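Dear colleague,

I am handing over the structure we spoke about, and below it you will find my notes on what came out of the analysis. Please read them with the coordinates open.

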Amino acid sequence: MATLISDTAPWKHLKTHVGEIDKTHLRDLMGDADRCNSMMLEFDGIFFDYSRQRATVDTVSKLFALAEEARLKQKINSMFNGEHINSTENRSVLHVALRASKDATINSDGKNVVPDVWKVLDKIKEFSDKVRSGSWVGATGKSLTNVIAIGIGGSFLGPLFVHTALQTDPVASKSAGGRQLRFLANVDPVDVARNISGLDPETTLVVVVSKTFTTAETMLNARTLREWISSACKPQAVSKHMVAVSTNLKLVEKFGIDPNNAFAFWDWVGGRYSVCSAVGVLPLSLQYGFPVIEKYSKGARSIDQHFHSAPFEKNIPVLLGLLSIWNVSFLGYPARAILPYTQALEKLAPHIQQVSMESNGKGVSIDGIRLPFEAGEIDFGEPGTNGQHSFYQLIHQGRVIPCDFIGIVKSQQPVYLKDEVVNNHDELMSNFFAQPDALAYGKTPEQLQSENVASHLVPHKTFTGNRPSLSLLLPSLDAYRIGQLLAIYEHRIAVEGFIWGINSFDQWGVELGKSLASQVRKQLHASRKKGESVEGFNFSTTKLLTRYLEASADVPSEPTTLLPKI
């Protein structure tokens with residue numbers, strides 16, 4: 001039987017070590033300058049400080065021993081070498097190949113996949129250049145200045161994160177030149193209405209992202225927008241207004257899209273790791289131009305190389321992953337707050353939430369053994385300072401939640417006002433620097449008493465402190481840095497999975513709900529079309545479904561086409 005990591009000596013040593021850490025407080029640990037200095041490092045302008053973790057130099061040494069026991073270096077190499085580390089689906093895991101340089105060699109099943117990647121990237125560059133220059137026009141001869149990308153999960157959250165981060169970057173914004181990019185993910189007709197609101201079908205290009213071209217929500221949304229375009233521009237317009245990111249060319253053509261306008265990706269790319277494939281690069285290149293997105297890919301590549309080659313004590317994703325293991329599996333903190341102090345990163349937390357929780361939300365080892373410990377983290381977050389006025393109360397005086405603070409030295413959009421004490425960005429960054437110390441040090445009853453705080457308020461105003469955080473300080477937030485930030489989190493999550501001994505690259509947990517939804521779909525069809533009563537479900541679901549059908553009895557059984565109007 002395969003050995004679980006929790007059965008090994010380094011894991012047990014860390015379990016014992018928790019008792020030593022429980023005798024310390026961050027107030028005291030932060031007073032050790034040598035310790036703090038050893039927990040700071042820099043790579044390519046990114047400054048990483050983890051001195052506010054509830055850890056000593058000895059803790060870090062023990063975590064490195066755990067990494068060695070888990071064969072972390074070998075597992076990282078296996079991923080880069082294209083071995084089938086996604087064993088449940090018998091696939092390589094090669095999102096690093098999506099941003100590799102043209103002259104790189106990365107093999108899967110004995111074949112260098114990099115030329116295939118660049119063949120698609122070159123095709124995207126050529127196509128996006130045509131659309132942006134106006135040489136590719138819609139069916140009525142108008143330039144296509146609006147893009148709606150249809151996709152869900154990894155086909156949506158990652159590209160949306162990058163798009164939102166680039167919107168206010170001066171170079172990217174100038175390159176966009178007034179173009180619009182929207183993302184249609186939810187099958188809810190409200191999402192359709194919001195996406196098409198204010199857009200002209202004659203100037204809109206739709207990108208349908210579905211590897212198999214069978215994803216239920218995506219394809220229903222695609223058929224909806226096909227009808228929207230056809231009703232305004234005639235059915236034959238589809239081939240000029242819709243393109244696909246898919247590998248199923250037969251269904252692409254059957255849908256009405258020219259197979260020549262289909263952009264491939266591969267089964268060694270998981271959806272949540274696909275931002276650097278055609279899934280993200282196509283819509284983002286249409287919006288910002290291929291050169292901007294190529295710069296983003298280069299940023300991700302720089303972290304790929306750092307992750308693959310840097311020694312663990314200087315390796316940002318490895319250290320981040322090991323510290324997460326420490327917080328989750330040993331200190332018992334199941335959640336993580338992602339707190340970027342820039343509004344441009346407002347969609348970072350939702351994307352990392354999916355990458356992390358879909359990757360590491362597992363209950364069995366990669367060998368199928370039930371885990372005797374909890375794996376995975378509960379990820380959430382909000383940009384500062386918005387989050388401070390939302391959930392920081394709990395973080396400071398309620399549950400202990402380790403925090404990632406992400407700061408930017410130079411704002412994308414600086415503002416300076418005469419006679420202000422500080423500029424807007426300095427005001428923002430004042431909070432970035434203050435919050436980690438507030439969490440670490442807290443405020444004692446003795447301090448409050450010395451300030452003559454009323455005795456009955458002292459318990460309410462006491463902050464226990466000793467709450468861990470880490471800080472990442474980036475010099476700027478352009479396309480290159482956005483790519484770096486993405487790759488840092490992707491590899492951090494892989495490190496966690498490699499240590500826990502789980503498969504971070506499958507997602508069987510999403511299948512059961514989809515299967516049950518298929519049964520409900522059949523019932524709704526039978527009830528709407530034939531008036532059949534609800535059968536085959538438990539009492540609760542039967543009651544809910546019946547109530548829903550009765551309350552929506554005005555829905556026509558044979559409807560004519562109706563599209564949203566806002």
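D506 is buried, its relative accessible area being 4%, and please keep in mind here and throughout that the model is a predicted one. The residue lies in the loop that runs between helix 21 (479–500) and helix 22 (511–530), and its side chain makes a polar contact of 3.3 Å with the side chain of N503. Once its neighbours within four places in sequence are left aside, D506 is in contact with N86, T88, E89, R272, E358 and K362.

Helix 21, which precedes that loop, has 22 residues and spans 32 Å from its first C-alpha to its last, close to the 32 Å expected at 1.5 Å a residue. Of those 22 residues 21 are buried, so the helix is largely enclosed by the rest of the structure. The residue that follows helix 21 is G501, with a positive phi near 80°.

Turning to the rings, the count of aromatic pairs comes to 16. One of them is formed by F380 and F391, which meet edge-to-face, with 5.1 Å from centre to centre and 75° between the planes. F380 belongs to strand 11 (residues 378–381) whereas F391 sits in the loop between strand 11 and helix 17 (392–397), so this pair ties together parts that are eleven residues apart in sequence. F380 is partly exposed, with a relative accessible area of 24%, while F391, with 17%, is buried because the cut-off for that class is under 20%. The rings of F498 and F505 have their centres 6.3 Å apart and their planes at 55°, so that pair is tilted, and both of these residues are buried. There is also an aromatic cluster made up of W11, W326, F330 and F373.

Two charged side chains are placed over rings as well. The charged end of R226 sits over the ring of F255, at 4.3 Å from its centre, and K240 lies over the face of W136, at 4.3 Å from the ring centre.

As for the strands, an open sheet of five has the order 6-5-7-8-9 with parallel pairing, and its edges are strand 6 (180–184) and strand 9 (262–263), each of which pairs on one side only. Within the sheet, strand 5 (residues 146–150) and strand 7 (residues 204–209) run parallel and are joined by five bridges, with A149 standing opposite V207 of strand 7.

Finally, some backbone geometry that you may wish to inspect. Most residues other than glycine have a negative phi, and most peptide bonds are trans. Against that background, the peptide bond joining G384 and T385 is cis, with omega at about 10°, and T385 lies in the loop between strand 11 and helix 17. D44 has a positive phi, near 50°, although it is not a glycine; it is found in the loop between strand 1 (40–43) and strand 2 (46–49), where D44 is partly exposed, with a relative accessible area of 33%. N466, likewise a residue other than glycine, has a positive phi near 60° and lies in the loop between helix 20 (458–461) and strand 13 (469–474); N466 is buried, with a relative accessible area of 14%.

With best regards

Terms used. Residues numbered from 1 in each chain as written. Predicted model: local features only at pLDDT ≥ 70, side-chain atom pairs only at ≥ 80, totals over all residues. Heavy atoms only, no water. Helix = DSSP H or I, 4+ residues; strand = E, 2+ residues; numbered from the N terminus. Buried < 20%, exposed > 50% of the residue type's maximum accessible area, 1.4 Å probe, protein only. Polar contact = N/O pair within 3.5 Å; in protein donor to acceptor, adjacent residues only side chain to side chain. Contact = heavy atoms within 4.5 Å. Phe/Tyr/Trp six-rings, centres within 6.5 Å; stacked < 30°, edge-to-face > 60°. Lys NZ or Arg CZ within 6 Å of the ring centre and 35° of its normal. Expected span 1.5 Å × (residues − 1). Pairing = 2+ DSSP bridges.
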